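Work through the exercises below with the sequence and the model open. Each task is followed by a solution in steps.

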Amino acid sequence: MKRALDLIIVITFLPFVLLTCLLIAMLVKINLGSPVLFRQTRIGLNGEKFDMFKFRTMSEEKDSKGDLLPDSNRLKKFGIFLRSKSLDELPELWNVFKGEMSLVGPRPLLPEYLPLYNTSQMRRHEVLPGITGWSQINGRNAISWNKKFDLDIWYIDHHSIWLDMKILFLTIGKILTGDGVNQTNHATTEKFNGH
(Lines give C-alpha, C1' and ligand atoms only; values in the text may rest on other atoms or scores of the structure.)
Protein backbone atom coordinates (compact mmCIF):
# COMPACT_ATOMS: atom_id res chain seq x y z
CA MET A 1 0.00 0.00 0.00
CA LYS A 2 2.80 2.42 0.94
CA ARG A 3 4.72 1.72 -2.27
CA ALA A 4 1.54 2.08 -4.32
CA LEU A 5 0.78 5.43 -2.68
CA ASP A 6 4.31 6.67 -3.44
CA LEU A 7 4.02 5.74 -7.12
CA ILE A 8 0.50 7.13 -7.54
CA ILE A 9 1.51 10.51 -6.10
CA VAL A 10 4.81 10.71 -8.02
CA ILE A 11 3.25 9.76 -11.36
CA THR A 12 0.23 12.02 -10.84
CA PHE A 13 2.38 15.10 -10.26
CA LEU A 14 5.16 14.11 -12.70
CA PRO A 15 4.43 16.75 -15.41
CA PHE A 16 4.37 19.57 -12.84
CA VAL A 17 7.48 18.21 -11.11
CA LEU A 18 9.44 17.95 -14.38
CA LEU A 19 8.62 21.52 -15.37
CA THR A 20 9.51 22.79 -11.89
CA CYS A 21 12.78 20.83 -11.90
CA LEU A 22 13.71 22.24 -15.31
CA LEU A 23 13.14 25.79 -14.07
CA ILE A 24 15.08 25.20 -10.85
CA ALA A 25 17.94 23.57 -12.75
CA MET A 26 18.24 26.66 -14.95
CA LEU A 27 18.23 28.95 -11.90
CA VAL A 28 20.83 26.82 -10.10
CA LYS A 29 23.04 26.97 -13.20
CA ILE A 30 22.72 30.78 -13.31
CA ASN A 31 23.19 31.36 -9.57
CA LEU A 32 25.59 28.60 -8.52
CA GLY A 33 27.03 27.16 -11.72
CA SER A 34 27.49 23.51 -12.64
CA PRO A 35 26.75 20.82 -11.72
CA VAL A 36 23.14 21.61 -10.85
CA LEU A 37 22.63 18.34 -8.98
CA PHE A 38 24.28 17.27 -5.74
CA ARG A 39 24.84 13.52 -5.43
CA GLN A 40 25.67 11.92 -2.10
CA THR A 41 25.74 8.40 -0.70
CA ARG A 42 23.17 7.83 2.04
CA ILE A 43 21.98 4.85 4.08
CA GLY A 44 18.58 3.35 3.37
CA LEU A 45 16.48 0.30 4.18
CA ASN A 46 18.38 -2.43 6.07
CA GLY A 47 21.50 -0.26 6.11
CA GLU A 48 21.99 -0.45 2.34
CA LYS A 49 23.83 2.41 0.62
CA PHE A 50 22.29 4.37 -2.25
CA ASP A 51 23.00 7.61 -4.11
CA MET A 52 20.60 10.41 -3.22
CA PHE A 53 20.09 13.39 -5.52
CA LYS A 54 19.32 17.00 -4.60
CA PHE A 55 19.65 20.37 -6.26
CA ARG A 56 22.83 22.16 -5.32
CA THR A 57 22.35 24.91 -2.75
CA MET A 58 25.98 25.85 -2.10
CA SER A 59 28.71 27.41 -4.18
CA GLU A 60 32.08 25.71 -4.74
CA GLU A 61 34.10 28.57 -3.22
CA LYS A 62 37.51 27.53 -1.87
CA ASP A 63 40.20 29.12 0.26
CA SER A 64 43.78 29.84 -0.82
CA LYS A 65 44.75 26.21 -0.06
CA GLY A 66 42.04 24.85 -2.34
CA ASP A 67 39.80 23.64 0.49
CA LEU A 68 36.07 24.32 0.40
CA LEU A 69 34.95 27.21 2.57
CA PRO A 70 32.61 26.46 5.53
CA ASP A 71 28.95 25.83 4.69
CA SER A 72 27.94 29.22 6.11
CA ASN A 73 30.16 30.95 3.53
CA ARG A 74 28.99 28.86 0.59
CA LEU A 75 25.26 28.92 1.32
CA LYS A 76 23.93 31.92 -0.61
CA LYS A 77 20.50 33.58 -0.62
CA PHE A 78 19.31 31.48 -3.55
CA GLY A 79 20.37 28.27 -1.80
CA ILE A 80 18.69 29.39 1.42
CA PHE A 81 15.47 29.97 -0.53
CA LEU A 82 15.61 26.50 -2.13
CA ARG A 83 16.14 24.89 1.26
CA SER A 84 13.45 26.90 3.04
CA LYS A 85 10.87 25.73 0.49
CA SER A 86 12.39 22.21 0.23
CA LEU A 87 12.74 22.68 -3.53
CA ASP A 88 16.25 21.23 -3.38
CA GLU A 89 14.63 17.91 -2.40
CA LEU A 90 12.63 17.46 -5.64
CA PRO A 91 15.25 15.25 -7.39
CA GLU A 92 14.77 12.74 -4.57
CA LEU A 93 11.51 11.81 -6.28
CA TRP A 94 13.74 9.82 -8.64
CA ASN A 95 14.94 7.84 -5.61
CA VAL A 96 11.30 7.31 -4.64
CA PHE A 97 10.46 6.10 -8.15
CA LYS A 98 13.38 3.65 -8.02
CA GLY A 99 12.20 2.30 -4.66
CA GLU A 100 15.25 3.50 -2.70
CA MET A 101 13.17 6.02 -0.77
CA SER A 102 9.56 6.69 0.15
CA LEU A 103 7.73 9.99 0.29
CA VAL A 104 7.50 9.55 4.07
CA GLY A 105 10.05 8.03 6.42
CA PRO A 106 13.15 8.88 8.46
CA ARG A 107 15.53 11.13 6.54
CA PRO A 108 18.45 9.16 5.04
CA LEU A 109 21.72 10.02 6.74
CA LEU A 110 25.42 9.71 5.95
CA PRO A 111 27.31 6.37 6.05
CA GLU A 112 29.83 7.89 8.47
CA TYR A 113 27.10 7.99 11.14
CA LEU A 114 26.48 4.23 11.10
CA PRO A 115 29.10 3.29 13.75
CA LEU A 116 27.76 6.06 16.03
CA TYR A 117 24.18 4.80 16.41
CA ASN A 118 23.00 2.95 19.47
CA THR A 119 20.66 -0.04 19.08
CA SER A 120 17.52 2.09 19.17
CA GLN A 121 18.82 4.64 16.67
CA MET A 122 19.81 1.86 14.27
CA ARG A 123 16.10 0.94 14.00
CA ARG A 124 15.62 3.91 11.64
CA HIS A 125 16.75 1.53 8.87
CA GLU A 126 13.78 -0.80 9.38
CA VAL A 127 11.76 1.23 6.86
CA LEU A 128 12.54 3.10 3.65
CA PRO A 129 13.96 6.57 4.26
CA GLY A 130 11.72 9.45 3.25
CA ILE A 131 11.74 12.87 1.67
CA THR A 132 9.70 14.05 4.65
CA GLY A 133 8.91 12.42 7.94
CA TRP A 134 7.59 12.69 11.48
CA SER A 135 10.71 14.49 12.69
CA GLN A 136 10.52 16.95 9.75
CA ILE A 137 7.07 18.17 10.75
CA ASN A 138 8.02 18.24 14.44
CA GLY A 139 11.08 20.45 14.30
CA ARG A 140 13.16 19.54 11.26
CA ASN A 141 16.75 20.79 11.76
CA ALA A 142 15.86 22.97 14.75
CA ILE A 143 15.65 20.00 17.15
CA SER A 144 18.44 17.88 18.65
CA TRP A 145 19.67 14.65 17.12
CA ASN A 146 18.27 12.69 20.09
CA LYS A 147 14.84 14.21 19.53
CA LYS A 148 15.00 13.42 15.79
CA PHE A 149 15.85 9.80 16.48
CA ASP A 150 13.09 9.50 19.09
CA LEU A 151 10.57 10.83 16.55
CA ASP A 152 11.91 8.48 13.86
CA ILE A 153 11.45 5.46 16.13
CA TRP A 154 7.95 6.62 17.08
CA TYR A 155 7.10 6.74 13.37
CA ILE A 156 8.46 3.24 12.78
CA ASP A 157 6.32 1.88 15.62
CA HIS A 158 3.14 3.68 14.49
CA HIS A 159 3.42 4.14 10.72
CA SER A 160 0.36 3.64 8.55
CA ILE A 161 -1.05 4.98 5.30
CA TRP A 162 -3.17 7.44 7.27
CA LEU A 163 -0.19 8.70 9.25
CA ASP A 164 1.75 9.12 5.99
CA MET A 165 -1.11 11.16 4.53
CA LYS A 166 -1.18 13.33 7.65
CA ILE A 167 2.58 13.90 7.45
CA LEU A 168 2.39 14.81 3.75
CA PHE A 169 -0.40 17.30 4.47
CA LEU A 170 1.43 18.88 7.43
CA THR A 171 4.64 19.05 5.37
CA ILE A 172 2.96 21.51 3.01
CA GLY A 173 2.45 23.91 5.93
CA LYS A 174 6.07 23.51 7.02
CA ILE A 175 7.28 24.26 3.50
CA LEU A 176 5.14 27.38 3.25
CA THR A 177 6.41 28.75 6.57
CA GLY A 178 10.01 27.53 6.26
CA ASP A 179 10.03 26.49 9.92
CA GLY A 180 13.03 24.61 11.29
CA VAL A 181 15.25 24.78 8.19
CA ASN A 182 18.36 25.72 10.17
CA GLN A 183 19.64 24.91 13.61
CA THR A 184 20.66 27.86 15.77
CA ASN A 185 24.25 28.96 15.01
CA HIS A 186 24.53 26.51 12.09
CA ALA A 187 24.09 26.96 8.34
CA THR A 188 21.97 23.80 8.34
CA THR A 189 22.41 21.46 11.32
CA GLU A 190 25.26 20.28 13.52
CA LYS A 191 27.13 17.10 12.64
CA PHE A 192 26.02 13.97 14.49
CA ASN A 193 28.83 12.85 16.80
CA GLY A 194 27.12 9.95 18.55
CA HIS A 195 25.30 9.75 21.86
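**Exercise 1: a salt-bridge network**

Lys 54, Asp 88, Glu 89, Glu 92 and Arg 107 are linked in a network of salt bridges, a salt bridge being a side-chain nitrogen of Lys or Arg within 4 Å of a carboxyl oxygen of Asp or Glu. The model is predicted: local features need pLDDT of at least 70, side-chain atom pairs count only at pLDDT 80 or more, and totals for chains, interfaces and linings use all residues. Residues are numbered from 1 along each chain as its sequence is written, and side-chain values use heavy atoms, with hydrogens and water left out.

Task: find which parts of the chain the salt bridges of Glu 89 and Glu 92 with Arg 107 join.

Solution.

1. Begin with Glu 89, whose side chain meets that of Arg 107 in a salt bridge of 3.0 Å, N to O. Glu 89 sits in the loop between helix H4 (77–84) and H5, and Arg 107 in the loop between E3 and H6, so this pair ties together parts 18 residues apart in sequence. Helices (H or I, at least four residues) and strands (E, at least two) are DSSP runs, numbered from the N terminus.
2. Next take Glu 92, which forms a salt bridge with Arg 107 at 2.8 Å, N to O. Here the loop between E3 and H6, which holds Arg 107, is linked to helix H5, which holds Glu 92, across 15 residues.
3. Check burial, where buried means under 20% relative accessible area, exposed over 50% and partly exposed in between (1.4 Å probe, protein chains only). Arg 107 is buried at 12%, Glu 92 is buried at 0%, and Glu 89 is buried as well.
4. Set the result in context: the structure holds 11 salt bridges.

**Exercise 2: helix H7**

Task: describe the span of helix H7, its buried residues and what covers them.

Solution.

1. Helix H7 covers residues 145–158, 14 residues in total, and reaches 20 Å from its first C-alpha to its last. This is close to the 20 Å expected at 1.5 Å a residue, the expected span being 1.5 Å times one less than the number of residues.
2. The buried residues of H7 are Trp 145, Lys 148, Phe 149, Leu 151, Asp 152, Ile 153, Tyr 155 and Ile 156. An α-helix has 3.6 residues a turn, so residues three or four places apart point the same way.
3. The cover over these buried residues includes H1, strand E3 (102–104), helix H6 (119–122) and helix H8 (161–177), with contact taken as heavy atoms within 4.5 Å.
4. Two charged residues of H7 can be followed further. Asp 152 is buried at 3% relative accessibility and forms a salt bridge with Arg 124, the closest N and O atoms being 2.7 Å apart. Arg 124 lies in the loop between H6 and strand E4 (130–132) and Asp 152 in helix H7, so the pair ties together parts that are 28 residues apart in sequence. Arg 124 is itself buried, at 5%.
5. Lys 148 is buried too, at 9%. Its C-alpha is 9.5 Å from that of Arg 107, with their positions 41 residues apart in sequence.

**Exercise 3: the second largest pocket**

Task: what kind of residues line the second largest pocket, and which element gives the most?

Solution.

1. On a 1 Å grid over the protein atoms alone, a pocket is an open set of points where a 1.4 Å probe fits, with protein on both sides within 12 Å along at least five of seven lines; lining residues have an atom within 4 Å of a point.
2. The lining consists of Val 10, Ile 11, Leu 14, Val 17, Leu 18, Cys 21, Leu 90, Pro 91, Leu 93, Trp 94 and Phe 97. Helix H1 (2–12), helix H2 (14–32) and helix H5 (92–98) each give two or more residues, and H2 gives the most, with 4.
3. By class, the lining has 11 nonpolar residues, no polar and no charged. Ala, Val, Leu, Ile, Met, Phe, Trp, Tyr, Cys and Pro count as nonpolar, Asp, Glu, Lys and Arg as charged, and the others, Gly among them, as polar.

**Exercise 4: backbone geometry**

Task: where do the cis peptide bond before Pro 35 and the positive phi values of Asn 46 and Ser 86 lie?

Solution.

1. Most residues other than glycine have a negative phi, and most peptide bonds are trans.
2. The bond from Ser 34 to Pro 35 is cis, with omega near -5°; Pro 35 is in the loop between H2 and strand E1 (37–43).
3. Asn 46 has phi near 60° and lies in the loop between E1 and strand E2 (49–55). Asn 46 is exposed, at 60% relative accessible area.
4. Ser 86 has a positive phi of about 60° and lies in the loop between H4 and H5. Ser 86 is buried, at 17%.
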